[in-house]
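User: I should like to go through this model with you, starting with its internal spaces and then turning to a helix and some aromatic rings. Shall we begin?

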Amino acid sequence: MSLLEIEGLTHSFGDKTLYRDAAFCLNKGEHVGVVGQNGTGKSTLIRICTGQLVPDVGRVVWQPKVSVGYLDQYAKLEKSMTMQSFLQSAFSDLYQMERQMTKAYEKAAAGHQEFLALAAEYQERLETQDFYSIDTQIEQVVCGLGLSAIGLDRPIGNMSGGQRAKVILAKLLMEKPDVLLLDEPTNFLDKEHISWLSAYLSGLDKVFMVISHDLAFLEKIANRICDIDNGTITKYYGTYSEFLKKKTHLREDYVRQYSAQQKEIKKTEEFIRKNIAGRKSKMAKGRRKQLESMEKMEALDKKEITPCFHFSTVPFTNMEQLFVKHLSAGYYYPVLSDINFVIKGGQKVVVTGFNGIGKSTLLKTLVGRIPSLDGQFKFSDQVRIGYFEQDFIWEDTTKTPIQIISDNYPDMVMKEVRKALAQCGISSEQAMQPIGTLSGGEQAKVKICLLTLKPSNFLILDEPTNHLDRQAKDALKTALMEFSGAVLLVSHEEAFYREWAQRVIEIGR
């Protein structure tokens, strides 16, 4: 029996239909990777599965008593709680059982011998469920996700967004629900920790569904692929690479069948038109009935726009464009100290390092969002910066992409605004939706669009690929390779920058 069954699923956002009479089932032993272009409804599907969102039409049924764990990176947490106490809360039932065991032993020691058997039963259950290895389990997951350096006594309120997301993921993994639902779990992980998570999930005997744009990660963890495309949800058996081959073959086959049917329809319609009033009228009417009863194939949706990014460049020289010497960066105390590097005009530089070590803080310091704590840095007078911040912070989430572009570039006429958004992969429908209702990938494309419209010669990018689909990542990679100015990129995706980065600065090594 399926753990989850979805039937007749239809759901829309505004004028955009995400699913039309779609179906999906989740079975024991399945490790499912959820894929699809930005805006097709991957995160929406997870929200429907968790009951956070009620579909317009459809039936969503979980098998009784199935425990479901959902990675909510934005959950509200008690800020004063330490990492250790938060992670220990994953075992709250076992700690409660330990307290009951202690009370039972105390009563037995006080002469109530009938409680001795109960205490022994509690102890046996605790041993069976590995209660006495909880600290070891916590240590393994904390180390695997790169949280050791933060310290188990660190209050959650003193953590960065990325650190907090990793702590939430760590607790979820240790809770070991029957089904894990993870939306972009690698966004805040470095390659070492992605590797650890890959191995952990691959060896899991539980069921999971994972949304990810990290294709190498999906290749390692998934034995099923759930593809959301053209309003349908299709499950493929096998790895991600096997899915790509199967989908390509099926799509080509469908296109051939559709084309053949269209030719037959056109030929029949021409026969009907010529003979409906002639001596072959009876035959023409018969063919018209056949045509009306024919199950017509739908054309594949061709509305998806493949992004084509292009960054405008202002003149520069090959001299030193950024000079950083003994720089310390942080908010109240340094998270990075004694940082030294130089970037010349046109040089492509990538910054890597463990999550939470201060990479984003470094970029925010360089662009003037926060003051430096010590040392110095200086940009050349000719530098014109273009900055991509990884957080989605909008002044007004009810504004549409059209309004956002128009507000930032008031001299642009509406046709130019729409064209700029379309080139960056934003459809006409998405361009008119409130920015807060768009997917993470769509919001990232709007931010990139803003960046393409600002002439610069020094791009500073903080994890720009986190929410982008494969097509958008390829387009961004091409644009950065073609950009003649300097690039300073923070990224955990080595596959994204390996081809074009001229230098990699590893912080903390």
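Analyst: What follows is a discussion of cavities, a pocket, one helix and aromatic pairs in a predicted model.

User: How many cavities of 30 Å³ or more are there?

Analyst: The count comes to five cavities of 30 Å³ or more. The largest cavity holds about 110 Å³ of space. It is lined by 11 residues, and those closest to its centre are Asp190, Lys191, Glu192, Thr352 and Gly353.

User: What is the character of the lining of the largest cavity: nonpolar, polar or charged?

Analyst: Six residues of that lining are charged, four are polar and one is nonpolar.

User: And the second largest pocket, how much space lies in it?

Analyst: The second largest pocket contains about 620 Å³. Its lining comprises 20 residues, with Ile393, Trp394, Asn408, Lys447 and Leu450 closest to the centre.

User: Which element gives the most to that lining?

Analyst: Strand E14 does, with four residues. At least two residues each come from E14 (385-388), helix H12 (401-408) and helix H15. By class, the lining of this pocket has nine nonpolar, nine charged and two polar residues.

User: H15 brings me to the helices. What span does H16 reach?

Analyst: Helix H16 covers residues 470-482, which is 13 residues. From first C-alpha to last it reaches 18 Å, close to the 18 Å expected at 1.5 Å a residue.

User: Which residues of H16 are buried, and what covers them?

Analyst: The buried residues are Ala472, Lys473, Ala475, Leu476, Lys477, Ala479 and Leu480. Their cover includes helices H15 (440-452) and H17 (494-497), together with strands E12 (348-352), E15 (458-462) and E16 (486-490).

User: Changing topic, how many aromatic pairs are there?

Analyst: There are nine aromatic pairs. In one of them, Trp196 and Tyr200, the ring centres lie 5.2 Å apart and the planes meet at 25°, so the pair is stacked.

User: Where do Trp196 and Tyr200 lie?

Analyst: Both are in helix H7 (residues 191-202), four residues apart, about one turn of the helix. Trp196 is partly exposed, with a relative accessible area of 24%.

User: What about Tyr236 and Phe243: stacked or edge-to-face?

Analyst: That pair is edge-to-face, because the planes stand at 70°, with the ring centres 5.0 Å apart. Tyr236 and Phe243 are both buried.

User: Which residues form an aromatic cluster with Phe131?

Analyst: Tyr95 and Tyr132 join Phe131 in one aromatic cluster.

Definitions and conventions
Residues numbered from 1 in each chain as written. Predicted model: local features only at pLDDT ≥ 70, side-chain atom pairs only at ≥ 80, totals over all residues. Heavy atoms only, no water. 1 Å grid on protein atoms, 1.4 Å probe; cavity = no way out; pocket = protein on both sides within 12 Å on 5 of 7 lines; lining within 4 Å. Points joined across faces, edges and corners; volume = space filled by probe spheres on them. Nonpolar A, V, L, I, M, F, W, Y, C, P; charged D, E, K, R; others polar. Expected span 1.5 Å × (residues − 1). Buried < 20%, exposed > 50% of the residue type's maximum accessible area, 1.4 Å probe, protein only. Contact = heavy atoms within 4.5 Å. Phe/Tyr/Trp six-rings, centres within 6.5 Å; stacked < 30°, edge-to-face > 60°.
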